[in-house]
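These are my notebook entries on helix packing and backbone geometry in one protein chain. I kept each entry to what I looked up and what I found.

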Amino acid sequence: MFGLFRPAPLGVDLGTGSVKVIGLNGKKISLAAFMDIPSSDWEEEALLINRLQNFFKEINIDGKDAVVHMPGHLSFVRTINLPPMPKGELKEAVKWEIKRQLPYPQEEAVYDYIAAPAADGIVVTFASAERKNVQRYISPFKEASLKVVAVDVNPLCLIRALPLHGSGNIIVLDIGARSMEIDIMRSESVRLTRTVDLGGEQIKNQLISEGFPEGAIDDIMMAGPAERMKEVLNQFLREIFLSIDYYKATFKEKVFSEVILTGGVAINHAVRDYFSQILDIPVGVPNPFDNLIMKDESLRPLGPRFSVAIGLAKRAS
């Protein structure tokens, strides 16, 4: 009986530069917290575990259930179209497609899928990761006293957290500390996902190399101007254009309705404006905290940093 009142698992997003935690009860945010993680802590797992353990104790979530996500470079996500079929047959068809497309043996994989009806059949998005990588990735959470009850992938978290309801092709750019994930969505399904080793740290390193003092660097990272970051932003754009060209050639579709920018770098509206100018596509920065009730309103402007954590919490709630 008491299990009926068990709290929903937390959404915990461990990025390369920070960890974000969201507790969600319907439309109410019961917990929102984050901690920056210095790059040196990633060099030794014991340091990372110790930092996470202290943080989880500080926000009083020791032993709580959590949903986490696999980084893009460790996950395999594909969307396929299947003809109409009964639910039982669909399960077997997806299983066969996963076996056919996986770059590693199916028995070594952990996978799941979501299916949605389409005009000409069923659209299925499946996600997979090698079992050994899943176990290795969730180990720090377990060592830091969290109970990992589910593992998800970044694009599906973003679909839950952000307003991706348009009918056209939507480019979602999730830019974190050390990587950018480029997702192209259509009708809330993932058509293309790609992770590039470019993030906020590259912008910061450029500014350091140009001799800017620390305070000025923080200001530029938060508010621009884009001209100061242009060298690295153009590297981002080259990778985005490569993904767009590949998508056009593969899916024979040329029109993109919008670009959605999220992650820590998205907070800087100068980046949004520069991307919009060069891409010639409207760029938006939706706040995933919109329509949610939260106690600490000071965190609301940082919403784009919490997109994945909110998507994880929504999966669990």
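**Entry 1. The end of helix α3**

I began just past the end of α3, where the helix is followed by Ser145, a residue with a positive phi near 80°. The model I am reading is a predicted one. I noted that Ser145 is not a glycine, although its phi is positive. I set this beside the general rule that most residues other than glycine have a negative phi. I placed Ser145 in the loop between α3 and β8. I recorded a relative accessible area of 28% for Ser145, so this residue is partly exposed.

**Entry 2. The course of helix α3**

I then turned to the helix itself. How many residues does α3 have, and what distance does it reach from its first C-alpha to its last? I found 13 residues, 131-143, and a reach of 18 Å, close to the 18 Å expected at 1.5 Å a residue. I also looked for a bend and found one of about 30° at Tyr137. I noted that a proline, Pro140, follows within four residues of that point.

I listed the buried residues of α3 as Asn133, Val134, Tyr137, Ile138, Pro140 and Phe141. Tyr137, the site of the bend, is therefore buried, as it has under 20% relative accessible area. I traced what these buried residues pack against: the strands β1 (10-14), β4 (65-70), β6 (109-118), β7 (121-130) and β8 (147-153), together with the helix α1.

**Entry 3. Phe141**

I chose Phe141 from the buried set for a separate look; this residue lies in helix α3. I recorded a relative accessible area of 0%, so Phe141 is buried. Which residues does Phe141 contact, leaving aside neighbours within four places in sequence? I found Val12, Leu14, Val68, Leu146 and Val148. I also checked Phe141 against Ile310, which is 169 residues away in sequence; their C-alpha atoms are 18 Å apart in space.

**Entry 4. Helices α1 and α3**

I next examined how α1 meets α3. I found that their axes come within 8 Å and cross at roughly 45°. That angle makes α1 oblique to α3. I noted the crossing as right-handed. On the α1 side I listed Glu45, Leu48, Ile49, Leu52 and Gln53, which meet Ser139, Pro140 and Glu143 of α3. Pro140 thus appears in this meeting of helices as well as among the buried residues of α3.

**Entry 5. Asp41**

I looked next at Asp41, which is found in the loop between β3 (28-36) and α1 (45-58). Is Asp41 buried or exposed? I recorded a relative accessibility of 6%, so Asp41 counts as buried. Not counting residues up to four places away in sequence, Asp41 touches Leu47, Leu48 and Arg51. I noted Leu48 in particular, as this residue of α1 also meets α3.

**Entry 6. Helix α5 and its two partners**

I moved on to α5 (residues 200-209) and α7 (residues 230-251), which pack at an angle of about 150° with their axes 9 Å apart. I took α5 to be roughly antiparallel to α7 because of that angle. The contact is made by Gln202, Ile203 and Gln206 of α5 and by Glu231, Val232, Leu233 and Phe236 of α7. I recorded a right-handed crossing for this pair.

I then examined α5 with α6 (residues 214-223): their axes come within 10 Å and cross at roughly 140°. I therefore entered α5 as oblique to α6. The α5 residues in this contact are Gly200, Ile203, Lys204, Leu207 and Ile208, and those of α6 are Ile217, Ile220 and Met221. I noted this crossing too as right-handed. Ile203 is listed in the contact with α7 and in the contact with α6.

**Entry 7. Two further backbone sites**

I checked the loop between α6 and α7, where Pro225 lies. I found that the peptide bond from Gly224 to Pro225 is cis, with omega near 10°. For context, most peptide bonds are trans.

I closed with Asp280, in the loop between α8 (269-279) and β13 (283-284). I recorded a positive phi of about 60° for Asp280, although this residue is not a glycine. Its relative accessible area is 68%, so Asp280 is exposed.

Terms used:
Residues are numbered from 1 along each chain as its sequence is written. This is a predicted model: local features need pLDDT of at least 70, side-chain atom pairs count only at pLDDT 80 or more; totals for chains, interfaces and linings use all residues. Side-chain values use heavy atoms; hydrogens and water are left out. Helices (H or I, at least four residues) and strands (E, at least two) are DSSP runs, numbered from the N terminus. Buried means under 20% relative accessible area, exposed over 50%, partly exposed in between (1.4 Å probe, protein chains only). Contact means heavy atoms within 4.5 Å. The expected span of a helix is 1.5 Å times one less than its number of residues. The bend at a residue is the angle between axes fitted to the seven residues ending there and the seven starting there. Axes are lines fitted to C-alpha atoms, for helices over the stretch in contact, and angles run from 0 to 180 degrees between N-to-C directions. Angles under 35 degrees count as roughly parallel, over 145 as roughly antiparallel, 65 to 115 as roughly perpendicular and the rest as oblique. A crossing is left-handed if the near helix is turned anticlockwise from the far one by less than a right angle, and right-handed if clockwise.
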